[in-house]
Amino acid sequence: FLAACAPPTLYYWDDYSETLYDLKSEPSDEHLAEHIETLQAIIAKSKEQNKRVAPGICGELGYWLAKSGKSQEAIAYFETEKQTYPESQLLMDTMIAQANKSLKKG
């Protein structure tokens with residue numbers, strides 16, 4: 001009954017807190033993969049529900065992809081974060097520069 005009175009949420013978070021906690025408390029490739037899947041699901045479901053992707057989600061996904069050696073994919077998410085939240089431009093430009101360095105090395 002009370003749930004009907006709750007204000008609608010601005011962002012869709014899925015299992016973000018749980019998978020991030022698992023990754024931080026017990027770092028492993030499995031937990032990283034689960035968290036990446038959650039971030040991708042948040043982005044997809046946010047679009048489905050016509051909600052804005054929460055601040056930092058695309059940037060974080062880009063970070064984990066870059067750490068996994070997927071620099072080209074990471075850059076796309078950094079660009080999306082920067083377009084969605086212009087205040088993140090300085091950080092995202094720095095992350096893009098780092099990802100580009102990785103591409104040139106590889």
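**A chat about two turns and a helix pair**

Visitor: Hi! Where is D14 placed?

Guide: D14 sits in the segment before α1. One thing to keep in mind as we go: this is a predicted model.

Visitor: Got it. Is D14 buried, exposed or partly exposed?

Guide: D14 counts as partly exposed, because its relative accessibility is 33%, and partly exposed covers the range between 20% and 50%.

Visitor: And what is the phi of D14 near?

Guide: The phi of D14 is near 50°, which is a positive value in a residue that isn't glycine. For background, most residues other than glycine have a negative phi.

Visitor: Which loop holds N50, then?

Guide: N50 lies in the loop between α2 and α3, where α3 covers 57-67. Its phi is positive too, near 55°, and N50 is not a glycine either.

Visitor: Why does N50 count as exposed?

Guide: N50 has a relative accessible area of 72%, and the exposed class starts over 50%.

Visitor: New topic! Which helix is H31 in?

Guide: H31 is part of helix α2, which spans residues 29-48.

Visitor: Buried or exposed, that H31?

Guide: Buried: H31 has 15% relative accessibility, and the buried class is anything under 20%.

Visitor: What does H31 touch?

Guide: Leaving out residues up to four places away in sequence, H31 touches D22, L23 and E26. Two polar contacts involve its side chain. The H31 side chain reaches the backbone oxygen of D22 at 3.3 Å, and a polar atom of that side chain lies 2.6 Å from the backbone oxygen of E26.

Visitor: Cool. Now the helices themselves: how do the axes of α1 and α2 cross?

Guide: Helix α1 is residues 16-25, and its axis comes within 8 Å of the α2 axis, crossing at roughly 160°. That crossing angle makes α1 roughly antiparallel to α2, because angles over 145 degrees fall in that class.

Visitor: Is the crossing left-handed or right-handed?

Guide: α1 passes α2 in a left-handed crossing.

Visitor: Which residues meet there?

Guide: On the α1 side you have Y16, T19, L20, D22 and L23. On the α2 side they meet H31, L32, E34, H35, T38, L39 and I42. So you can spot H31 again, in the contact with α1.

Visitor: How do the residues of that contact divide into nonpolar, polar and charged?

Guide: The contact of α1 with α2 has 6 nonpolar, 4 polar and 2 charged residues.

Terms used: Residues numbered from 1 in each chain as written. Predicted model: local features only at pLDDT ≥ 70, side-chain atom pairs only at ≥ 80, totals over all residues. Heavy atoms only, no water. Helix = DSSP H or I, 4+ residues; strand = E, 2+ residues; numbered from the N terminus. Buried < 20%, exposed > 50% of the residue type's maximum accessible area, 1.4 Å probe, protein only. Polar contact = N/O pair within 3.5 Å; in protein donor to acceptor, adjacent residues only side chain to side chain. Contact = heavy atoms within 4.5 Å. Axes fitted to C-alpha atoms, helices over the stretch in contact; angles between N-to-C directions. Parallel < 35°, antiparallel > 145°, perpendicular 65-115°, else oblique. Left-handed = near helix turned anticlockwise from the far one by under 90°. Nonpolar A, V, L, I, M, F, W, Y, C, P; charged D, E, K, R; others polar.
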